[in-house]
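Q: Please take a close look at one part of this structure, the surroundings of its bound metal ions, and explain how that part fits into the rest of the chain. I am new to this structure and would value a connected account.

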Amino acid sequence: MLRFIVCPTLLLACVIAQATSPDAPHRAIVHFDNATSARQAAVNTSRTFGARTGQHVTHVRTLAAGGELFELSDAASLERLAEGRGVVEVEPDIYLQPLLVTNPLWKRQWALNDARVGIDAEVAWKRTRGEGAVVAVLDTGIVPHPEFDGQLLGGYDFISDVDEARDGGGRDADPTDEGDWNEIGECRARQFIPSSWHGSHVAGIVAARQNDGLGMTGIAPAAKVLPVRVLGKCGGATSDIADAIVWAAGGKVAGVPANKHRADVINLSLGTPRACGKAFAKAIARARSRGTAVVAAAGNATENVSTSSPANCAGVVSVAALARQGDVAWYSNYGADVTLAAPGGSNSGVKYDDIVSTVDTGERQRTRSGYAYYPGTSMAAPHVAGLVALMRSVDPKIDVDAVTRQLVDNARPYPGRCPEGCGAGLADAGATVDAVYEDRAAARFD
Ligand SMILES: [Ca+2]
Ligand SMILES: [Ca+2]
């Protein structure tokens, strides 16, 4: 029987509704011409239809504003019903669904759902939403946000410098973002620069709550984010970031309590133009040896990624940014050391062509939670880090080299142009998660 599901935003709820609806009765509303009375209509239609098809058609009632409701046997055909005497129109008695606004920003999340330039998250979600996986976000810290309720693990604040930290102390167990605004002259700012809440934006891309009636969804909404604060007022020190990489991977850092939630993947949406130094190289090697994958933004300098650290470090999954139209973003770094690309936004002045995610709305200190559209390889990287969480959820034992190999092997060709070269193509969550799932299933029979 014909059945419409009103389902504008995605949703599991709708899938379930479709699956259960065949149990509902088969009914049709028949509209007759003015010359046919309700009683006549009921009798005529039942007789006519029954005579022609041998099916049972039972009159249920007359609708208040007109129209006759009939219950039909299973095989009853609406087309045949329409042939009845005096019948003007037949419509199925469709079941409607409550218009739950489960993720109202879904229509803006082209990075996840656009068939051409998105990463095909919905296909991956048929297998997993990241259950059991941990994504460490090494960034400006985290703000309270309804999208993070139940999504966070206890992280850490690795900023050693009290002035940079703005929380009155050095390293501590509170990774809350204290704001990275700059007054004129502060950190060489030539004009006032408001707080970015960058770490919260990145964390939302990874694991904002799904189907909570609010805002957006992360790519791995059942994964947990481990917020690690490494960027303060003027950025972050290599020494602090290197320690935080080791800690996030479950390694020991003197003076810091052990991390009880070893990350499956570390996201580094940060960088500086220089070669990969030994501090990063050693920390990244340590993390990888502990089974933690490291994903880094390729950088926003429109240069070869070999100039941007830590994206240029060995073993890192280096992520370039795709613009809304499918070409590599004009600002994105590129080159042979890029592993693959993910949606990062156009940075063209059209906000919906950038990446929506969670922020605070305060210009300096935290004020209240909200959403903002940012462009950058910083936004591309967490799509891949979230995808790694999905992969680890499907196969917790997949090693860091296999993670990179599967990302590369299952990327799809660039929908647009990347003339200077940017790795294997566009990250494809559906194909990659399917491949990991199938490999694991095959391994069980080896
Ligand atoms: Ca602190
Ligand atoms: Ca949400």
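A: The domain assignment of the protein gives two stretches, domain 1 covering residues 25–92 and domain 2 covering residues 104–443. In this predicted model, the C-alpha centres of domain 1 and domain 2 lie 59 Å apart. The metal sites are described next, one ion at a time.

The calcium ion (ligand 1) is coordinated by oxygen atoms of Asp157, Asp167, Gly170 and Asp172, at 2.1 to 2.8 Å. Asp167 appears twice in the list of donors, each time as OD, whereas Gly170 contributes its O atom. Along the sequence, the donor residues of this calcium ion follow the spacing D-x9-D-x2-G-x1-D. Aspartate 157 belongs to strand β6, while aspartate 172 sits in the loop between α6 (162–165) and α7 (198–207), so the pair ties together parts that are 15 residues apart in sequence. These two donors can also be described by their accessibility. Aspartate 157 is buried, its relative accessible area being 0%; aspartate 172 is partly exposed, at 22%.

Strand β6, which comprises residues 156–157, leads from this site to the neighbouring strands. Strand β6 pairs with β7 in the parallel sense, over two bridges. Tyrosine 156 has valine 228 as its bridge partner in β7. Strand β7 itself spans residues 224–229 and is mostly covered, with five of its six residues buried. Strand β7 also runs parallel to β5 (residues 134–139), and six bridges join the two. Within that pairing, valine 134 has lysine 224 as its bridge partner in β7.

The calcium ion (ligand 2) has its own set of donors. Glu147 and Asp212 are each listed twice, through OE and OD atoms respectively, and Arg209, Leu214 and Met216 each supply an O atom, at 2.2 to 3.1 Å. The spacing of these donor residues in sequence is E-x61-R-x2-D-x1-L-x1-M. Glutamate 147, in the loop between β5 and β6, and arginine 209, in the loop between α7 and β7, link distant parts of the chain, being 62 residues apart. Glutamate 147 is buried, with a relative accessible area of 0%, whereas arginine 209 is partly exposed, with a value of 30%.

Methionine 216, one of the donors to the calcium ion (ligand 2), is likewise found in the loop between α7 and β7. The relative accessible area of methionine 216 is 0%, so this residue counts as buried, the limit being under 20%. The C-alpha atoms of methionine 216 and alanine 237 are separated by 32 Å, and the two residues are 21 residues apart along the chain.

Methionine 216 also takes part in the lining of the largest cavity, as do Thr217 and Ile205, among others. The count of cavities of 30 Å³ or more comes to two, and the largest has a volume of about 70 Å³. Its lining further includes Arg108, Gln109, Asp354 and His383. Helix α4 (110–113) and strand β14 (355–360) each supply at least two lining residues, and α4 gives the most, with three. By character, the lining residues divide into seven nonpolar, three polar and two charged.

Methionine 216 therefore connects two parts of this account, being a donor to the calcium ion (ligand 2), a lining residue of the largest cavity and a buried residue at 0% relative accessible area.

Note on methods
Residues numbered from 1 in each chain as written. Chains lettered and ligands numbered in written order. Predicted model: local features only at pLDDT ≥ 70, side-chain atom pairs only at ≥ 80, totals over all residues. Heavy atoms only, no water. Buried < 20%, exposed > 50% of the residue type's maximum accessible area, 1.4 Å probe, protein only. Helix = DSSP H or I, 4+ residues; strand = E, 2+ residues; numbered from the N terminus. Pairing = 2+ DSSP bridges. Domains from an automatic or database assignment. 1 Å grid on protein atoms, 1.4 Å probe; cavity = no way out; pocket = protein on both sides within 12 Å on 5 of 7 lines; lining within 4 Å. Points joined across faces, edges and corners; volume = space filled by probe spheres on them. Nonpolar A, V, L, I, M, F, W, Y, C, P; charged D, E, K, R; others polar. Donors = N, O, S within 2.8 Å, 3.2 Å for Na, K, Ca; no water.
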